[in-house]
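Grab a pencil and get ready to work through a protein model step by step. Try each task yourself before you read the solution.

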Amino acid sequence: MIGVFMNKRPLNSMIRGNTSYEKLEFYRHFVDTFKEPLCFYSLDNIDPYRASIDGYVLLPGKNLTQAEVRVPEHHFSRAIIYRQRNLNKIKKFIRNHRTRFYQFQSKKERNKWTNYELLNNVPEIKSHLPETYPLTWDNVINILEKYKQAIVKPIYGSLGKKVVLIEKRGQIYTIKEKNEFRLVHSEVALEHLEMYYLSKFKRPKRFIVQQKVNTDRFRHRIYECRVSVQKTSSGEWEVTGWAVRLAQKGDYLTNVSQGSEIIPFSRIFNPKSDTAYTIRDVTTRIAKQFEKHFPDTIDLGIDLMLDNNKHVWFIEANLRDQRLSYYNDREMWRRTTITPLVFIQNQMVSESVTKDG
Ligand SMILES: Nc1ncnc2c1ncn2[C@@H]1O[C@H](COP(=O)(O)OP(=O)(O)O)[C@@H](O)[C@H]1O
Ligand SMILES: [Mg+2]
């Protein structure tokens with residue numbers, strides 16, 4: 001049995017049969033095909049001192065049922081834990097039961113600045129990283145002088161929230177931001193930009209500033225690639241899914257939550273092209289480097305942008321890929337859901353062989 005740790009809300013909607021990004025049907029496919037039961041639970045279903053979980057169990061050929069089961073030895077996390085109290089609870093649970101826990105996600109693993117630093121150490125990856133700095137006024141000005149366009153974003157952001165684009169044209173600075181999903185532009189002189197900066201970023205330590213990628217366009221709209229890189233049954237990192245998110249006309253954000261449209265990767269790229277090769281190569285290198293720092297990593301959703309020269313740029317790595325980018329392609333959605341579980345099942349088998357031997 002594999003434990004699947006989720007946040008309360010997605011777990012509840014999955015149990016109630018609502019469509020959420022966690023699709024019970026695909027988990028069931030895994031259980032039935034690989035004859036490996038799953039136990040879904042959230043923090044509410046566990047007690048670090050109890051040897052059992054009061055969770056939701058999926059057995060081959062059966063429906064999901066609430067049941068008390070012995071704590072499994074292996075777990076896959078689809079949850080993000082921010083609060084210290086909750087973090088303590090799950091850590092105690094992992095320690096007390098000596099579980100193998102994959103894809104643990106707290107603030108530490110999601111920090112965009114430290115993630116940039118760890119990737120920047122690898123020469124083959126470095127050339128794919130937009131130049132990035134902690135947010136200071138001087139760093140904004142330096143990026144603008146050098147690249148004319150800067151992106152400021154929160155270190156712990158998501159869904160494109162609080163991402164600001166600043167452009168410099170001569171002595172005029174354009175600020176683009178989104179307010180309740182509406183695009184807001186303003187054109188200001190340098191002193192007003194500084195006033196804006198001071199009032200907008202009261203806690204600059206929570207942000208980074210980076211070179212804006214001169215993003216390639218498809219039908220006059222900018223786009224971003226979401227690439228799923230996962231550990232497969234062979235134990236190797238492989239690209240198991242990809243899709244393109246096409247921004248709304250005039251928008252500078254490509255998040256699905258900001259209204260981007262999802263189109264198949266093959267609509268823009270030939271999967272056998274040099275670009276596709278580079279995308280595979282860069283994303284698997286990124287995954288390996290990530291794994292060096294966070295050894296339980298087995299599932300990454302990596303965002304990339306291409307510039308006008310088709311050079312590949314890393315934007316961010318998501319540790320809980322919601323897989324929304326694959327929802328037009330059921331096979332891809334299913335594959336990316338079950339691949340990490342198949343990997344874990346293989347680990348269980350090889351560990352038990354070692355134990356018995
Ligand atoms: N360096 C960049 N150059 C161009 N666009 C960017 C850059 N960084 C972010 N963006 C745009 O902003 C969006 C959100 O930024 P991202 O780093 O992915 O944060 P979030 O966690 O909010 O998704 C991206 O999907 C992309 O459209
Ligand atoms: Mg993003």
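Here are four exercises, each with a worked solution.

This is a predicted model, where local features need pLDDT of at least 70, side-chain atom pairs count only at pLDDT 80 or more, and totals for chains, interfaces and linings use all residues. Residues are numbered from 1 along each chain as its sequence is written, chains are lettered from A and ligands numbered from 1 in the order in which they are written, and side-chain values use heavy atoms, with hydrogens and water left out.

**Exercise 1: the overall build**

Task: Work out whether the radius of gyration of the chain agrees or disagrees with that of a compact globule.

Solution:
- Step 1. Start with the rule: 2.2 Å times the number of residues to the power 0.38, with the radius taken over C-alpha atoms.
- Step 2. For 357 residues that rule gives a value near 21 Å, and the chain has 22 Å, so the two agree.
- Step 3. Now add the box: along the principal axes, the C-alpha atoms fill roughly 70 × 45 × 40 Å.
- Step 4. Count the pieces: there are 10 helices and 18 strands. These are DSSP runs numbered from the N terminus (helices H or I, at least four residues; strands E, at least two).
- Step 5. Check the contacts, meaning heavy atoms within 4.5 Å. Of those with a separation of 6 or more, 64% join residues 24 or more positions apart.

**Exercise 2: inside and outside**

Task: Find what share of the residues counts as buried, and what area the chain exposes.

Solution:
- Step 1. Set the cut-offs: buried is under 20% relative accessible area, exposed is over 50%, and partly exposed is in between (1.4 Å probe, protein chains only).
- Step 2. By that test, 55% of the 357 residues are buried.
- Step 3. The chain exposes about 17,500 Å², and carbon and sulfur atoms supply 48% of that.

**Exercise 3: the open and closed spaces**

Task: Find the volume of the largest pocket and of the largest cavity, and say which residues lie closest to each centre.

Solution:
- Step 1. Get the terms straight. On a 1 Å grid over the protein atoms alone, a cavity is a set of points where a 1.4 Å probe fits but cannot get out; a pocket is an open set with protein on both sides within 12 Å along at least five of seven lines; lining residues have an atom within 4 Å of a point. Points are joined across faces, edges and corners, and a volume is the space filled by probe spheres set on them.
- Step 2. The largest pocket has about 1,200 Å³. Among its 39 lining residues, Asn7, Tyr21, Ile80, Arg320 and Gln322 are the closest to its centre.
- Step 3. The elements giving two or more residues to that lining are α1 (8-15), α3 (84-96), α5 (112-120) and β18 (312-318).
- Step 4. The largest cavity has about 340 Å³. Of the 25 residues lining it, Lys153, Val163, Glu224, Leu253 and Ile315 are the closest to its centre.
- Step 5. Here the elements giving two or more residues are β8 (149-154), β12 (207-211), β17 (299-306) and β18.

**Exercise 4: two positive phi angles**

Task: Say where Arg98 is found and whether Arg98 is buried or exposed, then do the like for Lys148.

Solution:
- Step 1. Recall that most residues other than glycine have a negative phi.
- Step 2. Arg98 has a positive phi, near 45°. Arg98 is in the loop between α3 and β6 (100-102), and is exposed at 75% relative accessible area.
- Step 3. Lys148 has a positive phi too, near 70°. Lys148 is in the loop between α7 (137-147) and β8, and counts as partly exposed at 40% relative accessibility.

Terms used: Accessible areas come from the Shrake-Rupley method with a 1.4 Å probe; for residues, only the protein chains shown count as cover.
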